[in-house]
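User: Hi! Could you take a close look at one part of this structure for me, and tell me how its surroundings fit together?

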Amino acid sequence: MTLGDKITELRRQNGWSQEALAEKLDISRQSVSKWESNSSVPDLDKIIRLSEIFEISTDYLLKEDWELERTKENASNDNLNNNMQIADSAPSLRTLSETEVSNYISLTIEASKKIAGGVALCIFSPVILFLLYGLAPEHLSEKSAGGIGCAVLLLFVAIGVTILIWNGIRLNKYEYLEKEEFALNDYMKAFVEQKRTDFEDTFRKSIALGTALCIIGVIPLMLSSAFDLEDQIYIWCVSLLLIFVACGVWLFVRAGSINECYNKLLQIDDYTPENKQIGKRISWFPGTYWCLATAIYLGISFSFNNWDRSWIIWPVAGVLFAALYQVLRSIVKTKMK
C-alpha cells in the first residue's frame, strides 16, 4: 500500500473529507488530493503531523510493508522498543528526533540562499568601484570615483558579512551535528538518504553551471587583453568577470550547503566520526585565517589606495585557504594514528 493509499484510508476511517484534513494540516485541499493520488509526497514535518492526527506511527506511513495492525497502541510499543534497541546498542549516542531533523533541513534550505547571497555580494562589491573608475574621465573626477566606489564597496561588504553572521548564528544551535556523533532511527535515515538522492541532480547541475559561469566570465577579459583594447573596455570586462563569478559562487554555496546538510545527518564524507575529531582540533583555523586575510586586504587597500587591484587578495586567499586546510588536516590525521 502506497503512502497516498494509507492517507486516503485513514482519512475515511475518521470520516473526514479532504477539506477537513487539509484544514487540520493548515494546507490546501489540492495538496491532500495530490498526496492521495501519489503525485506528490508530504514533507517530513507534514508526515509527523499526520502521524499525530491519525494517532499512528510514522513507520506505518513511511514503510510500504508496515501492516495496519501495527498502528495505534502497537505502533507506540514498537517505537519504544526501537528506541530502547538504539539506546542499548549505542548508549552514549544522542538520537535525533524527527522534529529535530525536519527543522534542521528546513532551516538549512532557507538559510542557504541567504548565505550564498552574502558571499556573492562580497565578491560583487568592487564592481561599482571599477565602473566608476571607467566613467571617471567623462563624468567624474578620479578622486570622486574612488571615494564613492570605496564607500559602496564597504557598504556591500558590510551587508554581506551581516547576512553571513546572522544566518550563521541561526544555524549555530545545530553545530553539534558536525562535531558530535549521533544516531538516526531506521526510517529517519532512509528519509534523509532519499532527500539526498533527490537533490543529487540539482547539486550536480548547480556545480556544473557555476563552473561554466566562472569560466565564461574570464573570456571577455582574455579577449580584451588579446586585442589590446582601451582601459575602459578592460575595466568593463573585469566587472563582468566578477558578476559571473558572483553568480557562480551563489550556485556553489547554495547547493553545497544543502548537500552538506544531508551529509552531516548521514555522517558521511567530511562528517564521519574520524573527520569530526579532526575538525574539532583545527576548528580555530578558518576564523583565524579569514580575519587575518581581511586585515591584510584592508591594510594594503587603505595604505596604497589601490582598491581597484587589491581585490585579487580574495581569490588568492581562497585558493591558499583550501591548500593550507588540507595540509593541516593531514598533519592532524597523521598525529591521531
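**A close look at helix 9 and its setting**

Analyst: Happy to! Let's begin with helix 9, where the buried residues are A145, G146, G149, C150, L153, F156, G160 and N167. Please keep in mind that this is a predicted model. Helix 9 covers residues 142–171, 30 residues in total. From its first C-alpha to its last it reaches 43 Å, close to the 44 Å expected at 1.5 Å a residue.

One member of that buried set deserves a closer view. N167 has its place in helix 9, and it counts as buried because its relative accessibility is 2%, under the 20% cut-off. What does the side chain of N167 reach? Its partner is the backbone oxygen of I163, at 2.8 Å. Leaving aside residues up to four places away in sequence, N167 touches A111, K114 and I115.

Helix 10 offers two further buried positions to set beside this one. S206 is found in helix 10, and with a relative accessibility of 10% it counts as buried, because that value is under 20%. A polar atom of the S206 side chain lies 2.9 Å from the backbone oxygen of T202. When residues up to four places away in sequence are not counted, S206 touches L251, F252 and A255.

G210 also belongs to helix 10. Its relative accessible area is 0%, so G210 is buried. Again not counting residues up to four places away in sequence, G210 touches G248, L251 and F252. L251 and F252 are thus on the contact lists of both S206 and G210. There is a C-alpha distance to add here: G210 and V249 are 6.5 Å apart in space, although 39 residues separate them in sequence.

Helix 10 also leads us to a pocket. Rolling a probe the size of a water molecule over the atoms shows where empty space is left. The second largest pocket has a volume of about 620 Å³. Two or more residues of its lining come from each of helix 1 (3–13), helix 4 (44–54), helix 5 (58–62) and helix 10 (186–226). Of the elements, helix 10 gives the most to this lining, with 8 residues. In all, 27 residues line the second largest pocket, and L3, V41, L62, F191 and Q194 lie nearest its centre. By residue type, the lining divides into 15 nonpolar, 6 polar and 6 charged.

Helix 4, another contributor to that lining, has its own buried residues: L44, I47, I48, L50, S51, I53 and F54. Just after helix 4 comes E55, which takes a positive phi of about 60 degrees.

To place these parts in the whole protein, the secondary structure comes to 15 helices and 2 strands. The protein has 337 residues, of which 37% count as buried. Taking contacts between residues at least 6 apart in sequence, 74% join residues at least 24 apart. The contacts of N167 with A111, K114 and I115, and those of G210 with G248, L251 and F252, are local views to look at alongside that overall figure.

Terms used
Residues are numbered from 1 along each chain as its sequence is written. This is a predicted model: local features need pLDDT of at least 70, side-chain atom pairs count only at pLDDT 80 or more; totals for chains, interfaces and linings use all residues. Side-chain values use heavy atoms; hydrogens and water are left out. On a 1 Å grid over the protein atoms alone, a cavity is a set of points where a 1.4 Å probe fits but cannot get out, and a pocket is an open set with protein on both sides within 12 Å along at least five of seven lines; lining residues have an atom within 4 Å of a point. Grid points are joined across faces, edges and corners, and a volume is the space filled by probe spheres set on the points. Helices (H or I, at least four residues) and strands (E, at least two) are DSSP runs, numbered from the N terminus. Ala, Val, Leu, Ile, Met, Phe, Trp, Tyr, Cys and Pro count as nonpolar, Asp, Glu, Lys and Arg as charged, and the others, Gly among them, as polar. The expected span of a helix is 1.5 Å times one less than its number of residues. Buried means under 20% relative accessible area, exposed over 50%, partly exposed in between (1.4 Å probe, protein chains only). A polar contact is a pair of N or O atoms within 3.5 Å; within protein, one must be able to donate a hydrogen and the other to accept it, and residues adjacent in sequence count only if both atoms are side-chain atoms. Contact means heavy atoms within 4.5 Å.
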